[in-house]
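The following note is offered to a colleague who is beginning to read protein structures. Please keep the sequence and the 3D view at hand while going through the numbered points.

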Amino acid sequence: MDRKEHWETVYTKNDDTQVGWYQPDPETSFRLIEKAWPGTGAVIDIGGGTSHLPEKLLDHGYNPIAVLDISAAALAKAKARLSHRADLIQWILGDITQVTQVGHFDVWHDRAVFHFLGALSDRRRYVELAGHTLPKGGRLIIGTFAKDGPPRCSGLEVCRYDAATLAAEFDPDFRAVDETSHLHHTPSGKPQPFIFLTLERI
Ligand SMILES: C[S@@+](CC[C@H](N)C(=O)[O-])C[C@H]1O[C@@H](n2cnc3c(N)ncnc32)[C@H](O)[C@@H]1O
């Protein structure tokens, strides 16, 4: 099964409140965005899936907001949930390793997407796109499974990071400015240690 097929199946077959990464309130992501870019600003959520981050950003005045995901089913569910407010979001269907441009944003956010990129060439393309998308001084906020996190997510192998190895992936175009450890609990109660890093585009 290829990458897109995998994610379409996940979102078609599962209730989005039952997937392991579900969180009713993306408070860690939001707190980090607010800290990195206080006030308002343009935010893109990479692999946003059905996350509740877009409505939280809208509520706090961030604008414009874009959500990119490889799964049409995920974006359709997120749009349905946002109802009339869906029109306030730019929805981008695509594989982050294939897309060549997404526009320009102040903040790039990614929770649990980069860690699926096992191939160095995919990670290089991701970092290159982030570099073109953010201006100097822009912020990239990324959350992956930590070194002591599970080896798989959604049945797929993941790369696990600490702050130093994650920062190294973005060198030399970004420098780390903040790091946070976060313990996520899946809907079935399993703990998943995350590392979140905030990087500045230099
Ligand atoms: C573990 S989920 C996290 C979803 C969301 N970030 C959250 O915190 O709820 C990973 C998401 O990344 C998307 N995804 C996986 N690989 C991708 C890729 N190569 N390009 C774009 N999206 C991708 C999946 O469809 C899924 O929505």
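1. This is a predicted model. A suitable place to begin is the side chain of Tyr11: one of its N or O atoms lies 2.6 Å from an oxygen atom of the ligand. The side chain of Asp69 also has an N or O atom 2.6 Å from a ligand oxygen. At Ile96 the backbone is involved instead, with a polar backbone atom 2.9 Å from a nitrogen atom of the ligand.

2. How much of the ligand's accessible area does the protein cover? On its own the ligand has 590 Å² of accessible area, and the protein covers 98% of this. The ligand sits in the largest cavity.

3. The ligand is surrounded by 19 residues, and the closest are Tyr11, Gly47, Asp69, Ile96 and Arg111. Two elements, α1 (3-13) and β2 (65-69), give two or more residues to this shell. The most comes from α1, which gives three residues.

4. Arg111, one of the residues closest to the ligand, belongs to strand β4, which spans residues 107-111. Five of the five residues of β4 are buried, so the strand is largely enclosed by the rest of the structure. Burial applies to both faces: Val107, His109 and Arg111 lie on one side, Trp108 and Asp110 on the other, and all are buried.

5. Which strands pair with β4? Strand β1 (residues 43-46) pairs with β4 in the parallel sense over four bridges, and β5 runs parallel to β4 with five bridges joining them. His109 can be followed in both pairings: Asp45 stands opposite His109, and in β5 the bridge partner of His109 is Ile141.

6. From β5 (residues 139-145) the reader may continue to β9, since these strands pair over seven bridges, here in the antiparallel sense. Within β9, Phe194 stands opposite Phe145.

7. Is strand β9 largely enclosed or largely open? Of the 11 residues in β9 (residues 191-201), 10 are buried, so β9 is largely enclosed by the rest of the structure.

8. Strand β8 (residues 174-185) also pairs with β9 in the antiparallel sense, over 11 bridges. Arg175 has Glu200 in β9 as its bridge partner. The two strands β8 and β9 form a hairpin with five residues between them. In the turn, Gly189 has a positive phi of about 95 degrees.

Methods
Residues are numbered from 1 along each chain as its sequence is written. This is a predicted model: local features need pLDDT of at least 70, side-chain atom pairs count only at pLDDT 80 or more; totals for chains, interfaces and linings use all residues. Side-chain values use heavy atoms; hydrogens and water are left out. Buried means under 20% relative accessible area, exposed over 50%, partly exposed in between (1.4 Å probe, protein chains only). Two strands pair if DSSP finds at least two bridges between them. A residue is near a molecule or strand if one of its heavy atoms lies within 4 Å of it. A polar contact is a pair of N or O atoms within 3.5 Å; within protein, one must be able to donate a hydrogen and the other to accept it, and residues adjacent in sequence count only if both atoms are side-chain atoms. Accessible areas come from the Shrake-Rupley method with a 1.4 Å probe; for residues, only the protein chains shown count as cover. On a 1 Å grid over the protein atoms alone, a cavity is a set of points where a 1.4 Å probe fits but cannot get out, and a pocket is an open set with protein on both sides within 12 Å along at least five of seven lines; lining residues have an atom within 4 Å of a point. A molecule sits in a cavity or pocket if more than half of its atoms lie within 2 Å of its grid points.
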